[in-house]
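Thanks for coming. I will walk through one protein chain, going from its helices to its charges and then to its core.

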Amino acid sequence: MTHDLVASLHPLLAAEASAEAYASGAEPGDLEQAVWLRLLERLEDDGPPADPHRWLRSAVRTEARRTRRTARNERPYGNEPAAVAQHAHEPERLALTAARHRALHDAVRRLPGRCPRLLEALLSPEDLTYREIAGELGISQGSLGPERSRCLGCLRRLLTPEVAAG
């Protein structure tokens, strides 16, 4: 019974979650997951809904409203909790900094084309000049700026979900 209900509701849930996700600022998959959880809780407590399709539409809208309220009420920190300037060498601060550096370098390695080599050269502690970087990559110095901008755009798009999740 539960398997049949889930199978019959899946296409509708995917469509409803996709439709509501944009306005709520949520990912469609997150809305779907929340609604599946609510359905499982309901099945355990009260059994299947009398009108599953109607219940599902209502549950998706409820989850979308809850997501909007949560997003509206949450405020980001002005700075990281461990980013107290006078305690920059505390173990927690050092660990957070190292984790951010690892995440950045991992993301740089996942970039397409020449971008990993270019950004690694730009992030190098040797503080290479554009001329040195262009020579190392075998490209003209004049194309380095546009290439850098394109690579940073790719990196920004790659890191956005990770930053949001963090």
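**Helices, charges and a core**

At 18% relative accessibility, E16 counts as buried, because the cut-off for buried is under 20%. Please keep in mind that this is a predicted model, and that the percentage for E16 is a computed value.

Let me put that residue in its setting. The protein chain has 7 helices and 0 strands. Read from the N terminus on, the order of elements is α-α-α-α-α-α-α. The chain holds 166 residues, and buried residues make up 30% of them.

Back to E16. What does the side chain of E16 meet in a salt bridge? The partner is R57, with 3.6 Å from N to O. E16 sits in helix α1, residues 2–24, while R57 sits in helix α3, and 41 residues separate the two, so this pair links distant parts of the chain. R57 is partly exposed, with a relative accessible area of 34%. For anyone new to this, side chains of opposite charge can pair when their charged atoms come close.

In total, the count comes to 6 salt bridges. I will show two others.

The next one joins E63 and R38, whose closest N and O atoms are 3.4 Å apart. This pair also links distant parts of the chain: E63 is in helix α3, R38 is in helix α2, which covers residues 28–45, and they are 25 residues apart. Is E63 buried or exposed? E63 is buried, with a relative accessible area of 8%. R38, at 25%, counts as partly exposed, because that value falls between the 20% limit for buried and the 50% limit for exposed. There is a further residue to mention here, since R38, E63 and R66 are linked in a network of salt bridges.

The last bridge I will show is between E147 and R114, with 3.5 Å between the closest N and O atoms. E147 belongs to helix α7, R114 belongs to the loop between α4 and α5, and the two are 33 residues apart, again linking distant parts of the chain. E147 counts as buried at 13% relative accessibility. R114 counts as partly exposed at 37%.

Now to charged residues grouped at the surface. Which residues form the positive surface patch? They are R61, R65, R69 and R72. R61 lies in helix α3, which runs over residues 52–73. R61 is partly exposed, with a relative accessible area of 36%. That value matters for the patch because a patch residue needs over 30% relative accessible area.

There is a negative surface patch too, formed by E41, E44, D45 and D46. E41 is found in helix α2. With a relative accessible area of 43%, E41 is partly exposed, so E41 also passes the 30% cut-off for patches.

One more residue from helix α3 is A71. A71 counts as partly exposed, at 48% relative accessibility. The C-alpha atoms of A71 and A26 are separated by 9.2 Å, and the two residues are 45 apart along the chain.

Next, the nonpolar part. How many residues are in the largest nonpolar core? That core has 17 residues, and those with the most contacts inside it are L111, L118, L119, I133, L137, L144 and L155. The elements that give two or more residues to this core are α4 (91–109), α5, α6 and α7 (141–165). Of these, α7 gives the most, with 5 residues. As general background, nonpolar side chains tend to be buried together in soluble globular proteins.

I will end on a detail of the backbone. D127 has a positive phi of about 50°, although it is not a glycine. Why is that worth pointing out? Most residues other than glycine have a negative phi. Where does D127 lie? D127 lies in the loop between α5, residues 115–123, and α6, residues 130–137. D127 is exposed, with a relative accessible area of 65%, because exposed means over 50%.

To recap, I showed a chain of 7 helices and 0 strands, three of its 6 salt bridges, a positive patch that includes R61, a negative patch that includes E41, and a core to which α7 gives the most residues. That is the end of my part.

How values were computed. Residues are numbered from 1 along each chain as its sequence is written. This is a predicted model: local features need pLDDT of at least 70, side-chain atom pairs count only at pLDDT 80 or more; totals for chains, interfaces and linings use all residues. Side-chain values use heavy atoms; hydrogens and water are left out. Patches are made of residues with over 30% relative accessible area and no salt bridge: like charges are joined within 9 Å, nonpolar side chains (Val, Leu, Ile, Met, Phe, Trp, Tyr) within 5 Å. Accessible areas come from the Shrake-Rupley method with a 1.4 Å probe; for residues, only the protein chains shown count as cover. A salt bridge is a side-chain nitrogen of Lys or Arg within 4 Å of a carboxyl oxygen of Asp or Glu. Lys and Arg count as positive and Asp and Glu as negative; His and the chain ends are not counted. The place of a charge is taken as NZ of Lys, CZ of Arg, CG of Asp or CD of Glu. Helices (H or I, at least four residues) and strands (E, at least two) are DSSP runs, numbered from the N terminus. Buried means under 20% relative accessible area, exposed over 50%, partly exposed in between (1.4 Å probe, protein chains only). A nonpolar core is a set of buried Ala, Val, Leu, Ile, Met, Phe, Trp, Tyr and Cys residues joined through side-chain atoms within 4.5 Å.
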